[in-house]
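Let's take a friendly walk through this protein, starting with charged pairs and ending with empty space.

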Amino acid sequence: TKCNFAEMQMISDLIRINGELKTILFQTNDGNHILLLDKHDAIILQKIGKSGIEIEKEYTITAGKEETFFLDAFAGSDQIYLLSGYLENKQMIVCKTSIDMGTLEINDKTTKLNNFPCKNEYYSSKDFEMKSSPDNKLHLLLFIDEMTNNDSAYIDARLYNSEMELQWEKLITSENFKYFLHSDYRIDNYGNLHVVLKERFHSLSIDGIQEYNYFITSYLADGRISGPIQIKLPEGNIYDCEFYAPENGIVRFGGLYYNGTIVQKGLNEYLFRNGIYCIEINMLTKEISKTNQVEFDRQFKTNHPLENFVGQKIPGDGLLYIKTKNIVARPDGGFFVISEFSISYDEGAQFTDIDVFSFNKTMDLEWIKNIRKDQRTEGGGNTTAYWKRIGSFFPFYTNSNLYILYNDNINNISLPEYASNVSKYKTNANADNFVCIAEISGSGELHKYILDQEISAKGLPLITKAQILNDNKSLYVTVRKTIAETHAIIMFE
């Protein structure tokens, strides 16, 4: 069905060839937009009104005699604060430039914000991160000096409000940052920094299944450090996790768990996921206050047959190729945990079912919904790894509904939930994709619509990025219709 509650409109003819370069859209106080596009050696700014492009500027940002490269940006009430950097004597120098949102003119000269050790002689994305709070009013800058043994780090964390005023600064060292195999940082609306880390504890072989313990440490706005606290279940082990902070000091986690059974078949190892979990931890009292585990029943596992992926039955009780991708909060205190099935192979990757698990504010399971799709991505290598990591969909909650924007194979246009005729692994079915949107009501009623009928060939997703705008009624997306990407807004009524 053609979608009648959301519309996608192109807003700019600027193209992005390199998907690693950033592009950001800002909303202005008068309802217009400013598009920022990184060109690697310069940035382009466009002010977009109802009649089209009103102002366009291109800048090479310099600090003294040094040309800088773009890192990130955020918007205040009437200025855009642009962060850029350059390398000098194995130091990363981070600079600040303010740009007027009305005229797109640079307000004053670029000034130095911070410098910190940089292990390499070139910039790596591991050196610097910016994280914004859900309400987009706080912005965390992380200056990361990763130690040479890759198991610890020295991190200078600075929190700014939207007017570039420093709220706090914290130095995080290896003494309280022990588990540096992987990290995920979140700043909440209350100014607390939550860091989830994991440590590997088991594998049957060098290249085999990796199992992890998960820990959380919270650096609270009042200066206290809470943790590390192990995130654990009464029974079973955590396979993966996503998290958010619904209240000050409260952190909720959701993801997949397993019962510890690793199946070996030939040279391969398989770790079956057995269910979905959620955990609530009070970081003020350092207590796990609530947990819930929902085991996949026989019907749910039957609805996701393994043969659709690998062409053979692997002995074991549970599901493979499923991974948690998102957790989405609701105003009523409930939340959604969203997972996806995917598998990679030599020529590319295949993404099928999206499963949505709805929990109420007391963490009881309300319902499960499945979105049946079949997106192929050709190209292998970086293309496969990129989409396997981030998934092939984007969830968005507005108007009391959950919307999921996704790419689907054109052959699946009429597939119902749990259809059994999705083409099997590595067939020669048409890999072209188009843009769909699923609407799921609060009671779990599911409808699927076509958002855009433009076809993206060879399985490359038509929608490659989605950013929620401040009005929480629209999305900024980058759209791939050729090898390059252009820019659009999806507006919800």
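## A buried pair

Arg-372 and Asp-353 are both buried. They form a salt bridge with each other, and the closest N and O atoms sit 2.2 Å apart. Arg-372 is found in the loop between strand E30 (365-371) and strand E31 (375-378), while Asp-353 belongs to strand E29 (residues 348-359), so this pair ties together parts that are 19 residues apart in sequence. Keep in mind that this is a predicted model.

## Other salt bridges

How many salt bridges does the structure hold? The count is 14. One of them joins Arg-158 to Asp-156, with 3.4 Å between the closest N and O atoms. Arg-158 has a relative accessible area of 13%, and because buried means under 20%, Arg-158 counts as buried. Asp-156 is buried too, at 7% relative accessibility. There's a bit more going on here: Asp-156, Arg-158 and Glu-169 are linked in a network of salt bridges.

Then there's the bridge between Glu-129 and Lys-131, where the closest N and O atoms are 3.7 Å apart. Are these two buried or partly exposed? Glu-129 comes in at 24% relative accessibility, which makes it partly exposed. Lys-131, at 25%, is partly exposed as well.

## A look at Phe-215

Next up is Phe-215, which you'll find in strand E18 (residues 211-219). Its relative accessible area is 8%, so Phe-215 is buried.

Which residue can we pair with Phe-215 across the chain? Try Lys-198: the two are 17 residues apart along the chain, yet their C-alpha atoms are separated by 6.0 Å.

## Empty space inside

Now for the gaps. The model has 2 cavities of 30 Å³ or more. The largest cavity holds about 50 Å³ of space.

What lines the largest cavity? Its walls include Asp-38, His-40, Asp-41, Ala-42 and Ile-43. Further along the chain, Thr-60 and Ile-61 take part, as do Thr-68, Phe-69 and Phe-70, and Ser-84 is on the list as well. Sorted by class, this lining has 5 nonpolar, 4 polar and 2 charged residues.

Key: Residues are numbered from 1 along each chain as its sequence is written. This is a predicted model: local features need pLDDT of at least 70, side-chain atom pairs count only at pLDDT 80 or more; totals for chains, interfaces and linings use all residues. Side-chain values use heavy atoms; hydrogens and water are left out. On a 1 Å grid over the protein atoms alone, a cavity is a set of points where a 1.4 Å probe fits but cannot get out, and a pocket is an open set with protein on both sides within 12 Å along at least five of seven lines; lining residues have an atom within 4 Å of a point. Grid points are joined across faces, edges and corners, and a volume is the space filled by probe spheres set on the points. Ala, Val, Leu, Ile, Met, Phe, Trp, Tyr, Cys and Pro count as nonpolar, Asp, Glu, Lys and Arg as charged, and the others, Gly among them, as polar. Helices (H or I, at least four residues) and strands (E, at least two) are DSSP runs, numbered from the N terminus. Buried means under 20% relative accessible area, exposed over 50%, partly exposed in between (1.4 Å probe, protein chains only). A salt bridge is a side-chain nitrogen of Lys or Arg within 4 Å of a carboxyl oxygen of Asp or Glu.
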